Amino acid sequence: MIKSKNTVCHLFALTFFIGSKFAYSLANNNMISFLTKPTNAIISFITNNASSYSPKTGFYYSNLNIVIDKSCSGFNFWMLLFLLLFFSTLKFIKTYKNKLLLFLATLLISYLLTLFTNTSRILVSLFITQNTSLHYSWLHQAEGVFIYLSFLIVFYLSLNYLQNKFTNKHEKLA
């Protein structure tokens, strides 16, 4: 069996991922508000509409007829993006202290990117429902899958480009 010098970090991140997914499955709207509250604030600001909050239903916009709740939090995207960023950059870090800092940094960066992506997804969904006669649940789900997958690909390609540019520049200096 080939053992990488980052095996412990990979296992730690995967354990965190699985534990987080398990905790999310037990969470309610209040527990996931660290994702829904900022998203709600951004949507309120951009659309100039206020929402009302209920622990059972989440943030409800009566003017827009939408709800931002646990299912709209983007949690699964956040965890996938975190793993993508962490695993893609781990190979450049040497010490365990810096690997722990990388873990925390990628968790924060992926959180912020998730807020941006999730807000974009909700705004696209609003645009579709308000400017077309299409109001199908499958369309809403397909649009979400398309946007999340597109952003994951864009983030991965951007990260890969930056890594290649950095390593090529570093190799030229050596």
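**Figure 1. Strand 2 and strand 3 side by side.** In this predicted model, strand 2 and strand 3 pair in the antiparallel sense, joined by three bridges. One partnership to look for is that of tyrosine 61, whose bridge partner in strand 3 is isoleucine 66. The two strands belong to a hairpin that has four residues between them. Asparagine 65 deserves a look here, with a positive phi near 60 degrees. As a reminder for this view, strands of a sheet pair through backbone hydrogen bonds, either parallel or antiparallel.

**Figure 2. Strand 1 meets strand 2.** Here is another hairpin, made by strand 1 and strand 2, with three residues between them. The pairing is antiparallel over three bridges, and strand 2 covers residues 58-61. If you follow tyrosine 53 across, you will find phenylalanine 59 of strand 2 standing opposite.

**Figure 3. The sheet as a whole, with helix 2 packed on it.** Put the strands together and you have an open sheet of three strands in the order 1-2-3, with antiparallel pairing. Strand 1 (52-54) and strand 3 (66-68) are the edge strands, each pairing on one side only. From one strand to the next, the twist averages 30 degrees. Helix 2, residues 33-47, packs on this sheet and touches strand 2 and strand 3. The direction of helix 2 makes about 15 degrees with that of strand 2.

**Figure 4. An aromatic pair between helix 2 and helix 3.** The structure holds 16 aromatic pairs, and this close-up picks out one of them. The ring centres of phenylalanine 34 and tryptophan 78 are 5.6 Å apart and the planes sit at 65 degrees, so the pair is edge-to-face. This pair links distant parts of the chain, with phenylalanine 34 in helix 2 and tryptophan 78 in helix 3, 44 residues apart.

**Figure 5. The largest pocket.** The volume of the largest pocket is about 410 Å³. Its lining counts 20 residues, and the closest to the centre are Asn65, Ile66, Ser125, Thr129 and His140. Two of these names may ring a bell: Asn65 is the residue with the positive phi in the hairpin of strand 2 and strand 3, and Ile66 is the bridge partner of tyrosine 61. Strand 3, helix 4 (96-131) and helix 5 (137-173) each supply at least two residues of the lining. Helix 4 provides the largest share, seven residues. By character, the lining divides into 11 nonpolar, seven polar and two charged residues.

**Figure 6. The second largest pocket.** About 340 Å³ of space lies in this pocket. Of the 17 residues that line the second largest pocket, Ser71, Arg121, Gly144, Val145 and Tyr148 lie nearest its centre. Helix 3 (75-89) and helix 5 each contribute at least two residues to the lining. Helix 5 gives the most, with seven residues. The lining divides into nine nonpolar, seven polar and one charged.

**Figure 7. Placing the close-ups in the chain.** To help you find your way between the views, the chain has five helices and three strands. Starting at the N terminus, the elements run α-α-β-β-β-α-α-α. The C-alpha atoms fill a box of roughly 60 × 35 × 30 Å along the principal axes.

Terms used:
Residues are numbered from 1 along each chain as its sequence is written. This is a predicted model: local features need pLDDT of at least 70, side-chain atom pairs count only at pLDDT 80 or more; totals for chains, interfaces and linings use all residues. Side-chain values use heavy atoms; hydrogens and water are left out. Two strands pair if DSSP finds at least two bridges between them. Axes are lines fitted to C-alpha atoms, for helices over the stretch in contact, and angles run from 0 to 180 degrees between N-to-C directions. Contact means heavy atoms within 4.5 Å. On a 1 Å grid over the protein atoms alone, a cavity is a set of points where a 1.4 Å probe fits but cannot get out, and a pocket is an open set with protein on both sides within 12 Å along at least five of seven lines; lining residues have an atom within 4 Å of a point. Grid points are joined across faces, edges and corners, and a volume is the space filled by probe spheres set on the points. Ala, Val, Leu, Ile, Met, Phe, Trp, Tyr, Cys and Pro count as nonpolar, Asp, Glu, Lys and Arg as charged, and the others, Gly among them, as polar. Rings of Phe, Tyr and Trp (its six-membered ring) pair if their centres lie within 6.5 Å; planes under 30 degrees apart count as stacked, over 60 as edge-to-face and the rest as tilted.
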